[in-house]
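Welcome, and thank you for taking a look at this model. Please keep the sequence and the 3D view side by side as you read.

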Amino acid sequence: MTTENPTEANLLSRRVSRTEIGKQSGMNGSMDDWTQTLRRVVLVANRKGGVCKSSLCRSVSSVLESGGYSVLVVDGDPQGNVSEIDFGLETDRGRNLAMAMQYGTDLSPENVRGIDVICGGPELQGALGAAGIPGSGVSLDANLRGALGRLCEERKYDMVLIDSGPGDTMLLDAYMMSARWLIVPTISDEASFAGVDKMGARYAEAVSQRGAEIEFLGAVLTKVDHQATARNKAIRQELAEALGSAGEPFEAMIRYNAANAIDSRRHALSAQEVAAEGVTQRKSRLTELRHRARGSRNGEPEVQDAWWSRSSGSALAADYEVLTREILTRIGQKEAVNA
Ligand SMILES: Nc1ncnc2c1ncn2[C@@H]1O[C@H](COP(=O)(O)OP(=O)(O)O)[C@@H](O)[C@H]1O
Ligand SMILES: [Mg+2]
């Protein structure tokens, strides 16, 4: 009979300590108040879709939350995947965020499993439309900075993750003006590396032309075949060369695990929560089999009750834990340098 794997239990119970990142950034007067307030805002972006931007926001926020950090996720994608699917919210179709960007009104997050979430959705297109009208005087950048700054001031988030969509550059530019750090997830194909390139160009322009204070934190390879260690090393090297002096890719890689990804979205859970649930499900499956063997139950479980992920799901959860730690470490180091 299968017993619970102790390594897995350790992974699930291992927590990121709050002390891994200083509560005080130590930033001095060279930064204005706004930068100080928004110093933990991380933009997750790549001009390409399907590279795990939303999944990363979901699972990294969850690791942070379970480590005692207060976290906000801003769904900046007109598709609204992270709020609607990954967090399972009944969204306002991005209205609150769109209004904040268009009129500078306050942001009011929902709370899901301890994580604050600002919903995304098609209403974001409305803000874009307004800003695009010549002479409208609407500044998405300034409005978002103001609204996000006020919310950060009030709730003192340890970390804010902005998930972005692959398409619109005007939105992306506004997010870059509000963020302090940039993380670029990428899968290892030509198109995604090209997406990293495009992202890099946009980022460089925001910094040099528009005075954005955003700094590249790292790129992370996603959907990797974790068994192909030699190939992964080569791909990471290729990515490092493509990034050049911009900065090192993260050591952490996010493995391909379709079963966990499907369960995550179906049940609106993070990779960690799916892994934890996987353990519970395995136990109940065993109980069920025992019952069936005794003839006390018959029939298959309902399809919607079926969980696809097995214990391997915890390896994906561990990838996100390692990545989260690395993100915290890098931010901590850079903040110390800037201090
Ligand atoms: N580790 C993973 N392994 C396999 N598929 C994944 C993984 N993480 C996410 N997915 C799936 O890949 C697709 C794209 O992920 P998503 O996070 O939405 O990317 P993006 O936000 O960059 O468009 C989704 O269908 C998601 O369920
Ligand atoms: Mg997405």
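What follows is a short tour from the whole chain to a few of its parts.

This is a predicted model, in which local features need pLDDT of at least 70 and side-chain atom pairs count only at pLDDT 80 or more, while totals for chains, interfaces and linings use all residues. Residues are numbered from 1 along each chain as its sequence is written, and chains are lettered from A and ligands numbered from 1 in the order in which they are written.

**The chain as a whole**

The chain holds 13 helices and 7 strands; these are DSSP runs, numbered from the N terminus, with at least four residues of H or I for a helix and at least two of E for a strand. Of its 339 residues, 45% count as buried. Here a residue is buried if 20 or more other C-beta atoms lie within 10 Å of its own, exposed if 12 or fewer, and partly exposed in between, with C-beta atoms placed from the backbone. Among contacts between residues at least 6 apart in sequence, 82% join residues at least 24 apart; a contact means that the two C-beta atoms, placed from the backbone, lie within 7 Å.

**Around ligand 1**

Let us turn to the ligand. Ligand 1 is surrounded by 16 residues, the closest being Gly-49, Lys-53, Ser-54, Ser-55 and Ala-261. Helix H3 (53–66) and helix H11 (258–267) are the elements that give two or more residues to this shell, where a residue counts if its C-beta atom, placed from the backbone, lies within 6 Å of the molecule. By class, the shell has 7 nonpolar, 6 polar and 3 charged residues. Ala, Val, Leu, Ile, Met, Phe, Trp, Tyr, Cys and Pro count as nonpolar, Asp, Glu, Lys and Arg as charged, and the others, Gly among them, as polar.

H3 is largely enclosed by the rest of the structure, because 14 of its 14 residues are buried. Just after H3, Gly-68 takes a positive phi of about 95 degrees. In the loop between strand E1 (41–44) and H3 sits Lys-48, which counts as buried because it has 21 C-beta neighbours inside 10 Å. Lys-48 and Gly-195 are 147 residues apart in sequence, yet 5.1 Å apart in space, C-alpha to C-alpha.

**Two packed helices**

Helix H5 (residues 95–103) packs against helix H7 (residues 140–155) at an angle of about 115 degrees, with the axes 6 Å apart. The axes are lines fitted to C-alpha atoms over the stretch in contact, and angles run from 0 to 180 degrees between N-to-C directions. Ala-100, Met-101, Gln-102 and Tyr-103 of H5 meet Leu-140, Asn-143, Leu-144 and Ala-147 of H7. This contact has 6 nonpolar, 2 polar and no charged residues. Buried residues in H7 include Leu-148, Leu-151 and Cys-152.

**Positive phi outside glycine**

Most residues other than glycine have a negative phi. The table gathers some positive values.

| Residue | Phi | Place |
|---|---|---|
| Arg-113 | near 50 degrees | loop between strand E3 (110–112) and strand E4 (115–118) |
| Lys-156 | near 50 degrees | follows H7 |
| Ala-268 | about 55 degrees | loop between H11 and helix H12 (271–293) |

Arg-113 is partly exposed, because 15 other C-beta atoms lie within 10 Å. Ala-268 also counts as partly exposed, with 16 C-beta neighbours inside 10 Å.
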